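Please open the model in your viewer and keep the selection panel at hand. The stops below can be taken in order, each beginning with something to select.

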Amino acid sequence: MKTRRFQVLLAILLVIVATAVTYFDAFMYKQPIMQVEQVSQISKTKSTDEYKNTDYSIVQKVQGKLLNTKDKGKKITINNTYYQSQLTDEKYKPLEQVFISKSNGSHYIIQSTKRDAVVVFAIGLVIILLFCMKFARGKLLSSVGVNLIIFYIFMQILIKSKNALLVPMTILTAVIIAAVALIIILGPSQDALMAFLSTLIATTVALSLSVLLLKLSNDSSIHFEMTEYDLQPYFGVFISQVIFSVLGVILDETMDISSSLIEMKSEVPDVKVGALFKSGIAIGRELVGPLINILLFIVIAENLNLVMLYLTNGNSVGYTLDMTLSLGVTQLLISAIGIVLTVPVTSYIASRMVARRAS
Amino acid sequence: MLYLLIAFVILLLLVTGTRGLSLLLGLGINVIAVIALLILIADGFNVLITTAIIAVIILVVAIYMNVENSSTANISFKTSLMITFVILLITMPLLYWASTQGMGVEDQEELEGFSLAAGVSFPQLAIATIIINSLGVISETSVAITSGLNEIVLNKPTLTSKEIYGDGFSVGNKILSTQTNTLLFNFFATTFPLFFLMNSIHFNFGDIINDKIFVTEVLTTVICTIGVILTVPITAWLVSRENQKKSAAK
């Protein structure tokens, strides 16, 4: 009990130190950084746009001092104009640190906010919480660490190859991270192999079926060019995003179904293959809804800003949803087909492998 | 897309039978609820209040239409409500500090031709985004942990609350790992185009860690993970309280 309290205190201390260090790390940046000290409003003008949206254009006087470069300590005053809605501009607040740059001569403008400390703090918060409770931290943190390293290598290869290897690389990466996740959670056992095979087969079947259906319907109604940040090839980016986002959910599903079947076999050793398969389907049935929900809300949340922009710019609901969500919904449908197909695939594979096992 | 929809519905009905119909109904209600949320916000209703109301509706549908056992459903609904509230409390100061509202420089191209003075509070919308993002994960986690714990308690009604907490963590461990995977892989899905773009406009490490969109994605993933972690003790607490009440009634 004492060591645990000590660990928690140590974790809290470390997080505070790390956050403070990143907050005061201005000297590590080449770009000038200003500490905002005082802010005052100069003017506020009401504006109405062509779609009758009322907004306020506000000019604020931002005063502060330089934290780095050779002019360190110098007092600076900058006028910042922003809309109250803050879509692309920002209202600056005291204690914030901002990157600034010189535009024509000695005149400074604010470029963006320094956000590194909040990232460190937020990640630290998770670590503190993990130390407060009796979770298997080692397993969890190592699995996240390994996955991040794999993703980093994937990104490097993608960048080096100028995106030409996107889809094959995504598939390879997905296979590796699925295997890593299963080995870490279930251990290098037959259970892990069972879940791995089910994941692989269900995802492959779902993706090929979906691509075939998309080709049949001529892709015409889907705005592939709306993929994020205009990254080419559109369809490759689209499919890669589907693979990554559905993978975690399908892994969850296969593990749930197969571990329940293993448990059943250990309780009733002479259970028949047919009965195992049936209960696999019954368990899977309960999982499908919540898992689709997870992805549904993630898809919608991701596009909220864009949807709002379309709606407030006088577009109809139908047109807005078509332009902003059709891509996400298509990805969701493919994922949903994967989630549904995983139930019979996993039940089939797991029931055969479990029944054959001597117990 | 129509073919995909038809294929999904047919497969769903084949696999889940009549259960599929209520699943479809639940999904439909959730989609309509979210569209209503968007329209209300665009019409100028307060973002946070509207989101809170819609979030409650979504949780009711997501939990009560998917869970048959009423004790499990009640406990997971209570847990989800509490977690959503806690997430709101964590998200507000973090986003105030990070000021990641709205869109980043990477989105510039998409914004061409739009009136940017939209009158909607994008800082509040950023909070709403994280809440909505977490709803699916939170409701699934709380249902999974509650049903796992309830089954244990049902078999051994004499468990003390301390033992229930212990069991909660052993059930929670696996769920935490799988949910973290789901969140992490979704983070990969959204950020790989972003990283690619950042590379092509020569961002260095310092630019990336301070970038609005990158920080938004990290915060979303981290806050949802916090929600999942907190679900375990809250569920264990509610289940043990329920258990005590039951044994007191006997």
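What follows is a tour that starts with one chain, passes to the contact between the chains, and ends inside the other chain.

Before selecting anything, bear in mind that this is a predicted model, and that every distance and area quoted on the way is computed from its atoms.

**Chain B on its own**

Select chain B and show it as a cartoon: its secondary structure comes to eight helices and zero strands, so that reading along the sequence gives the pattern α-α-α-α-α-α-α-α. Taken along the principal axes, the C-alpha atoms of this chain fill a box of roughly 70 × 45 × 35 Å.

Now narrow the selection to α4(B), residues 70-98. This helix has 29 residues and reaches 41 Å from its first C-alpha to its last, which is close to the 42 Å expected at 1.5 Å a residue. Show side chains at its two ends in turn. At the N-terminal end, B:Asn69 acts as the cap, with a side-chain oxygen 3.0 Å from the backbone nitrogen of B:Ser71; just after the helix, B:Ser99 takes a positive phi of about 30 degrees.

**Where chain B meets chain A**

Bring chain A back into view and select the residues in contact, which number 99 from chain B and 119 from chain A. The area buried between the two chains is about 10100 Å², and carbon and sulfur atoms give 75% of it.

Which polar pairings can be found between chain B and chain A? There are 19 residue pairs in polar contact, with both residues at pLDDT 80 or more, and the count of salt bridges between these chains is two. One of these joins B:Lys174 to A:Asp256, whose closest N and O atoms are 3.2 Å apart.

Colour the chain B side of the contact by helix, and α1 (2-16), α2 (19-42), α3 (47-64), α4 (70-98), α5 (122-155), α6 (161-200), α7 (205-210) and α8 (212-249) will each be seen to supply at least two residues. The largest share, 25 residues, comes from α6(B). Recolouring this side of chain B by class gives 62 nonpolar, 28 polar and nine charged residues.

**The two domains of chain A**

Hide chain B and select, within chain A, domain 1 (2-117) and domain 2 (136-356), as the domain assignment gives them. Their C-alpha centres lie 39 Å apart, and the contact between them takes four residues from domain 1 and five residues from domain 2. About 360 Å² is buried between these domains, with carbon and sulfur atoms giving 54%.

On the domain 1 side, pick out A:Tyr51, A:Asn53 and A:Leu87, which lose the most area to domain 2 and together make up 86% of what that side buries. By class, this side of domain 1 has two nonpolar, two polar and no charged residues. Between the two domains of chain A there are zero salt bridges and one residue pair in polar contact, both residues being at pLDDT 80 or more.

**A last pair in chain A**

A search of the whole structure finds eight salt bridges over all chains. For the final stop, select A:Glu90 and A:Arg115, whose side chains meet in a salt bridge at 3.0 Å, N to O. A:Glu90 lies in the loop between β3 (75-83) and β4 (97-103) of chain A, whereas A:Arg115 lies in the loop between β5 (107-113) and α2 (116-132), so the pair ties together parts that are 25 residues apart in sequence.

Conventions
Residues numbered from 1 in each chain as written. Chains lettered and ligands numbered in written order. Heavy atoms only, no water. Contact = heavy atoms within 4.5 Å. Buried area = accessible area lost by both parts, 1.4 Å probe. Salt bridge = Lys/Arg side-chain N within 4 Å of Asp/Glu carboxyl O. Polar contact = N/O pair within 3.5 Å; in protein donor to acceptor, adjacent residues only side chain to side chain. Helix = DSSP H or I, 4+ residues; strand = E, 2+ residues; numbered from the N terminus. Nonpolar A, V, L, I, M, F, W, Y, C, P; charged D, E, K, R; others polar. Expected span 1.5 Å × (residues − 1). Domains from an automatic or database assignment.
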